[in-house]
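I opened this model to look up its side-chain pairings and its surface. My entries follow in the order I made them.

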Amino acid sequence: MSDSNPDDRRRARHELESEVARKRKRKLKAQREGEHSAWFGLGMFGLVGWSVAIPTLLGIALGAWIDSHWPNRFSWTLMLMVMGVTVGCLNAWWWVQRESQDEE
């Protein structure tokens, strides 16, 4: 044990200090902001839901309009619905990532 490399000990100490500083910063931020209530969770759930629902519904509406005006063998409603779900899921993922970064 006594013959461990001084650079290794210095690096380990620096990592420990960084971890303690990060946790302290996170704890102080949590004390400032207070605990998130159930309403916050419901709000986030609603935000994620709406960020998926709105692009999906817009895709369906646009697809139905295109299908009614220019009939084709492909369903624009179905294609634009899938695109809307995809865009909505990416949008929801972005919001959740942003919120989780704010908590750190």
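**Entry 1: aromatic pairs**

I searched the whole structure for aromatic pairs and got 2. I note here that the model is predicted.

I took W65 and W70 to begin with. Their rings form an edge-to-face pair, with 5.4 Å from centre to centre and 85° between the planes. An angle over 60 degrees counts as edge-to-face, so the label follows from the 85°. I then checked the cover on W65. W65 has a relative accessible area of 42%, so I logged W65 as partly exposed.

Next I looked at W94 and W95. This aromatic pair is edge-to-face as well: the centres are 5.1 Å apart and the planes make an angle of 80°. How accessible are W94 and W95? I read 44% relative accessible area for W94, which is partly exposed. For W95 I read 26%, and W95 is partly exposed too. Buried would need a value under 20%, so the 26% of W95 does not qualify.

**Entry 2: the fold and the chain totals**

I went to the secondary structure. I found 3 helices and 0 strands in the protein chain. Read from the N terminus, the order of elements is α-α-α.

How much of the chain is buried? I got 12% of the 104 residues. The exposed surface of the protein chain comes to about 8,900 Å². Carbon and sulfur atoms supply 65% of that surface.

I also looked at contact range. I kept contacts between residues at least 6 apart in sequence, and 62% of these join residues at least 24 apart.

**Entry 3: salt bridges**

I ran the salt-bridge count next. How many turned up? The total is 5 salt bridges.

I started with R10 and D7. Their side chains meet in a salt bridge, with 2.8 Å from N to O. Both sit in helix 1, which spans residues 6-33. They are 3 residues apart there, so about one helical turn separates them. Is R10 buried or exposed? R10 is exposed, because its relative accessible area is 54% and the cut-off is over 50%. D7 has 40% relative accessibility and counts as partly exposed.

I moved on to R11 and D8. They form a salt bridge whose closest N and O atoms are 3.1 Å apart. R11 and D8 both lie in helix 1, again with a spacing of 3 residues, about one turn of the helix. R11 has 49% relative accessibility, so R11 falls in the partly exposed class. Exposed would need over 50%, which is why the 49% of R11 misses that label. D8 is partly exposed at 40%.

Then I checked E17 and R13. The closest N and O atoms of this salt bridge are 3.0 Å apart. What is the spacing of E17 and R13 in helix 1? They are 4 residues apart, about one turn of the helix. I logged E17 as partly exposed at 42% relative accessibility. R13 is exposed, with a relative accessible area of 57%.

I closed this entry with a network. E19, R22 and K23 are joined into one network by salt bridges that share partners.

**Entry 4: helix 2 and its surroundings**

I turned to helix 2, residues 38-69, where I located W50. W50 has a relative accessible area of 56%, so W50 is exposed. Which residues form a nonpolar patch on the surface with W50? They are I54 and L58. Together the three residues W50, I54 and L58 have about 360 Å² of accessible area.

I looked up V48, which also lies in helix 2. V48 is partly exposed, with a relative accessible area of 25%. The cut-off for buried is under 20%, so V48 does not count as buried.

What does V48 touch, once residues up to four places away in sequence are left out? I found A92 and V96. I then took the C-alpha separation of V48 and V96. The C-alpha atoms lie 7.8 Å apart, while the two residues are 48 residues apart along the chain.

Conventions
Residues are numbered from 1 along each chain as its sequence is written. This is a predicted model: local features need pLDDT of at least 70, side-chain atom pairs count only at pLDDT 80 or more; totals for chains, interfaces and linings use all residues. Side-chain values use heavy atoms; hydrogens and water are left out. A salt bridge is a side-chain nitrogen of Lys or Arg within 4 Å of a carboxyl oxygen of Asp or Glu. Helices (H or I, at least four residues) and strands (E, at least two) are DSSP runs, numbered from the N terminus. Buried means under 20% relative accessible area, exposed over 50%, partly exposed in between (1.4 Å probe, protein chains only). Contact means heavy atoms within 4.5 Å. Accessible areas come from the Shrake-Rupley method with a 1.4 Å probe; for residues, only the protein chains shown count as cover. Rings of Phe, Tyr and Trp (its six-membered ring) pair if their centres lie within 6.5 Å; planes under 30 degrees apart count as stacked, over 60 as edge-to-face and the rest as tilted. Patches are made of residues with over 30% relative accessible area and no salt bridge: like charges are joined within 9 Å, nonpolar side chains (Val, Leu, Ile, Met, Phe, Trp, Tyr) within 5 Å.
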